[in-house]
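This report concerns the salt bridges of a protein chain and the lining of a pocket. The sequence and the structure are shown first.

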Amino acid sequence: MGKRINCQSGYALLVVLVFILVMGLLTPVMLTAATYGMKNTKSTNDNFSARYIADSAYQETLNKVKRVKASHSLSNENDIHHFINNEIITQNGSLHAGTYTTNYHPDYPTSSHRPKMENVGGGPNQTKYTYYLRSIGNVNNQTAIVDYSISFILKKVGSTTILYETANKKTTYDRLPTTPDNLKEIARGETALNHKVNNEFNNKLNGTSLPYIAFKYNLTPVPALYKNEINSSEIINKNARVSKIDLINNASLTVNGDLYVDNDLHLNNNTALIVKGNLYIGTNFSVGNNAMIKVAGDLIAKNSIHFNNNIHFEINGNMFVQGGLKIENNASNSKIGGSLYVFNNIDIENNGQVLVSKDIVANNINLINNTLLKTGGEVLVKNEFKAKNNAIIELSGGLEVGTQLILSNNVAFKFAQKLYITNLLELGNNGQMLLIKSSGSGSGISYIVDIEDPKKLET
């Protein structure tokens, strides 16, 4: 019995000794592996952090571009260069426990004085300046990069002509931002000027003046009936006619062609309508919150249109509205790529914003409460143009107004090429009239600067 116990004790002692020996051999290996794992994990975390910082630096550039677009503070080539060199280029920035730099991309032939330049728009009057940039995020020994470009289009504008009613010289012409060097003063009587404005208004609607686009009342040919009503998400790969559309929340409708809606078109919350042709709306148009509508061609509305509730609209062609157009509380990047023709009134209210690439024709235009209206062409108003309470207006093709122009309560009104006021100009409570800024004194050329959003480069 005693021998068996001693034998078992010997076996136990042998197992313990073997375990101690194995652990002695494995411990350095395990410690090395753990140390390597911790180092590798830290390196991975630092790499993620560096990428986050580089993306944050890019986002910071986006925010700066949005601010300068909203302020309309760039007016010539020097302003563009100053913005890039002093606002965008950043050395040793600090962000999220790391550092970043934003500088010119080393692989592109650009410097602070040499962006890529090209003529656009079919002539020398529009020059595109493109800057190629690189943002680098740094955390310890890890780096990450984001490459992107920013483009500015500088449009040249010729001299400006003002036509005014002679009897109101002291209240109209004498209050304009004019010097003999960069304006042509031509006085006409009220009757002749009113006739001229109405003539040009009608010619534009009838398509007998540039750009020779007549008001469209309908969409022709009318597509074949697709179905009576659409409520849910769908993709239609042809021209389609629908009696009614009432998209439920979060639904999307894509039409790869023309869309003809006989009656109401309603977009509920968070819906999207994408039409890759022309869109015709037979009766009413209404939207819920955060809807989106994109039309590749023309939009034709038989009745009135109300864009609100943070809708984003993007009409690449022309827009023809037989009723009135009201825009308020919409997405800030909403735009019309062609001309805007409205039979009745255009009312832009309560943070409403719209960019129109070409001309605007309307009976009356009213802006009130933090609004923005910017056009690349001329604006023809049959009767009145009124703006008040923090409105920003930039009309690069000028304005013809049939009766009166009233600006009050912090309104900034910028124009170029022409200003025709048949009856009365009224400026009150910090209403400002400014020419599109000139590159120099005397009869120097005026400019308009359009800014494209930054675009990431493919790697």
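## Salt bridges and the largest pocket

Glu234 counts as buried, at 18% relative accessibility. The model under discussion is a predicted one, and the burial of Glu234 follows because its value falls under the 20% cut-off. The side chain of Glu234 meets that of Lys227 in a salt bridge, with 3.3 Å from N to O. Lys227, for its part, is partly exposed, with a relative accessible area of 31%. This bridge therefore pairs a buried residue, Glu234, with a partly exposed one, Lys227.

Two further pairs may be set beside this one. Asp147 and Arg134 are joined through their side chains by a salt bridge of 2.7 Å, N to O. This pair links distant parts of the chain, since Asp147 belongs to strand 5 (residues 142-157) and Arg134 to strand 4 (residues 126-139), 13 residues apart. Asp147 is buried, at 9% relative accessibility, and Arg134 is buried as well, with a relative accessible area of 17%.

Arg241 forms a salt bridge with Asp262, and their closest N and O atoms lie 3.0 Å apart. Here too the pair connects distant parts of the chain: Arg241 lies in strand 10 (residues 240-247), whereas Asp262 lies in the loop between strand 12 (259-261) and strand 13 (265-267), 21 residues apart. Arg241 counts as partly exposed, at 29% relative accessibility.

The N to O distances of these pairs are listed below.

| Salt bridge | N to O distance |
|---|---|
| Asp147 and Arg134 | 2.7 Å |
| Arg241 and Asp262 | 3.0 Å |
| Lys227 and Glu234 | 3.3 Å |

The count for the model comes to 19 salt bridges. Some of them share partners, and in this way Lys196, Glu200, Lys204, Asp359, Glu378, Glu400 and Lys418 are joined into one network.

Attention now turns to the pocket. The largest pocket has a volume of about 1300 Å³. It is lined by 49 residues, of which Lys69, Asn333, Leu355, Lys374 and Ile451 are the closest to its centre. By character, the lining divides into 19 nonpolar, 17 polar and 13 charged residues.

Helix 1 (2-71) is among the elements that each supply at least two residues of this lining, and the others include strand 5, strand 25 (353-356), strand 27 (371-375) and strand 37 (446-451). Helix 1 gives the most, with seven residues. Strand 5 thus appears in both parts of this report: the strand holds Asp147 of the salt bridge with Arg134, and it contributes to the lining of the largest pocket.

Terms used. Residues are numbered from 1 along each chain as its sequence is written. This is a predicted model: local features need pLDDT of at least 70, side-chain atom pairs count only at pLDDT 80 or more; totals for chains, interfaces and linings use all residues. Side-chain values use heavy atoms; hydrogens and water are left out. A salt bridge is a side-chain nitrogen of Lys or Arg within 4 Å of a carboxyl oxygen of Asp or Glu. Helices (H or I, at least four residues) and strands (E, at least two) are DSSP runs, numbered from the N terminus. Buried means under 20% relative accessible area, exposed over 50%, partly exposed in between (1.4 Å probe, protein chains only). On a 1 Å grid over the protein atoms alone, a cavity is a set of points where a 1.4 Å probe fits but cannot get out, and a pocket is an open set with protein on both sides within 12 Å along at least five of seven lines; lining residues have an atom within 4 Å of a point. Grid points are joined across faces, edges and corners, and a volume is the space filled by probe spheres set on the points. Ala, Val, Leu, Ile, Met, Phe, Trp, Tyr, Cys and Pro count as nonpolar, Asp, Glu, Lys and Arg as charged, and the others, Gly among them, as polar.
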